[in-house]
Amino acid sequence: MKNKRLIILLILLLVAIAIFIYDRLEDKILPIKLNVDKIEEVEILSDYWGRESKATLVLTVEEDSKKVEEIATLFNQSTKHPNQHMGTTHPTCVKIKYHNGKEVAIFCGVGNIITIDYNDRQYNYVNGELDKYITKLLAQQMEYKTEVTSEAPSQDEFEESYAEEEFISQRIVNYTTEYFRFTEDVQVDNENGKTVVTVTFVPEVGSIVIKEDLYENVAAHAYQITRFFPEVNHFYYIVFSQQYEKDEALYLTINEEAIKNLASNYLGQRINRNGGHETHFSEVFSEILETEESKTWRDRVDPNAELP
């Protein structure tokens, strides 16, 4: 009888150890490991919006072996995100195509969080280095296009440039409409080589508007746009107070000079937040014009307050 109890206890102990080991290793388990020998090509699509998107950059193993190897190496270092139910809008999609017809889609472009789409399932992972590398490849591609088209354009090139301008404008409109849930209007104006984005929206909040949260949300939008469309040199945001009355309550501006420091200012505030320090996302903007309505909004949440 005692032997049976010992055996049962031993089995339970082994199961507990196995579960413990699996939990520790699960963070390193990927739905698929990328093998360069099996990859045919890699498509990188910026501002991805489904099947209508065109490949911004195509890499083949034959011509771009080092870049493909780097993508595979970085991808295989991904760790599992603790929140598998979180949904994030990713502006970039990396499609890995295998010789046997299989595909792996990697959605990135928002920092550390990537989403892997494989076998009709999606998984959230953490991989900031892969995100940085994909952004670097896209930036190099944009620089290459600029060098190639630096000469005086012909009529065909002018028409192609206009079509690309319209394409970029539409992508900005699409992304903004998805980003702000209660978007009222988005305008992208291109004049004299300058691109101005004007957004009118209602903040997605309950009964209380927290200005610091609002500033961070708007700053993140501008940051993502400029990462992939550096030609944008002015943002103008009009914030309504209520969804139905359409009262203009707050005006936010990021001019050309502020855009030069947008990345460092925005990311610097994120570092402060992650380090537990007080943030000041208002520093991202070149001008903040308040109304009597917005002056009634809270500047930030008091962590010591009993009420929200």
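**Group meeting: strands, salt bridges and rings in one model**

Let me start with one pair of residues: I116 stands opposite Y123 in strand β7. This is a predicted model, in which local features need pLDDT of at least 70 and side-chain atom pairs count only at pLDDT 80 or more, while totals for chains, interfaces and linings use all residues. Residues are numbered from 1 along each chain as its sequence is written, and side-chain values use heavy atoms, with hydrogens and water left out.

A word on naming. Helices (H or I, at least four residues) and strands (E, at least two) are DSSP runs, numbered from the N terminus. Two strands pair if DSSP finds at least two bridges between them.

Back to the opening pair. Strand β7 covers residues 121–126, and six bridges join it to β6 in an antiparallel arrangement. Two residues sit between the strands of this hairpin, and N119 has a positive phi near 55° there. On the other side of the story, β6 (residues 113–118) is joined to β5 (residues 103–108) by three bridges, again antiparallel. In that pairing, A105 stands opposite D117.

Which order do the strands of the open sheet follow? The seven strands are arranged as β2-β1-β4-β5-β6-β7-β3, with antiparallel pairing. At the edges are β2 (57–60) and β3 (79–80), each of which pairs on one side only. Two bridges hold β3 and β7 together in the antiparallel sense, and K80 stands opposite Y125 of β7. As background, side chains in a regular strand alternate between the two faces of the sheet.

A helix lies across this sheet. Helix α2 (residues 65–75) crosses β1 (39–46), β2, β4 (92–98), β5 and β6, running at about 95° to β2. For that angle, axes are lines fitted to C-alpha atoms, for helices over the stretch in contact, and angles run from 0 to 180 degrees between N-to-C directions. Contact means heavy atoms within 4.5 Å.

Next, charges. A salt bridge here is a side-chain nitrogen of Lys or Arg within 4 Å of a carboxyl oxygen of Asp or Glu. How many salt bridges turn up in a search of the whole structure? The count is 10. One of them joins R227 to D131, with the closest N and O atoms 3.2 Å apart. These two are 96 residues apart, R227 in helix α5 (residues 211–228) and D131 in helix α3 (residues 128–148), so the pair links distant parts of the chain.

Are R227 and D131 buried or exposed? Buried means under 20% relative accessible area, exposed means over 50%, and partly exposed is in between (1.4 Å probe, protein chains only). R227 is buried at 17%, and D131 is buried at 4%.

Another salt bridge joins E290 and K211, at 2.9 Å between the closest N and O atoms. E290 is in strand β12 (residues 287–290) and K211 in helix α5, 79 residues apart, and this pair too links distant parts of the chain. E290 is partly exposed at 28%, whereas K211 is buried at 4%.

E257 and K260 form a salt bridge at 3.5 Å, N to O. They are three residues apart in helix α6 (residues 256–260), which means about one helical turn separates them. K260 is exposed, at 60% relative accessibility. Finally, E41, E43 and K97 are linked in a network of salt bridges.

Helix α5 has come up twice, and 16 of its 18 residues are buried. The expected span of a helix is 1.5 Å times one less than its number of residues. For α5 that gives 26 Å, and its end C-alpha atoms are 27 Å apart, which agrees.

Last, the aromatic rings. Rings of Phe, Tyr and Trp (its six-membered ring) pair if their centres lie within 6.5 Å; planes under 30 degrees apart count as stacked, over 60 as edge-to-face and the rest as tilted. The whole structure has eight aromatic pairs. One of them is F180 with F201, stacked, at 4.2 Å centre to centre and 25° between the planes. F180 is in the loop between α4 (155–179) and β8 (182–191) and F201 is in strand β9 (residues 194–202), so the pair ties together parts 21 residues apart in sequence. F180 is buried at 2%, and F201 is buried at 1%. Both also belong to a cluster of ring pairs with Y175, Y179, F235 and Y237.
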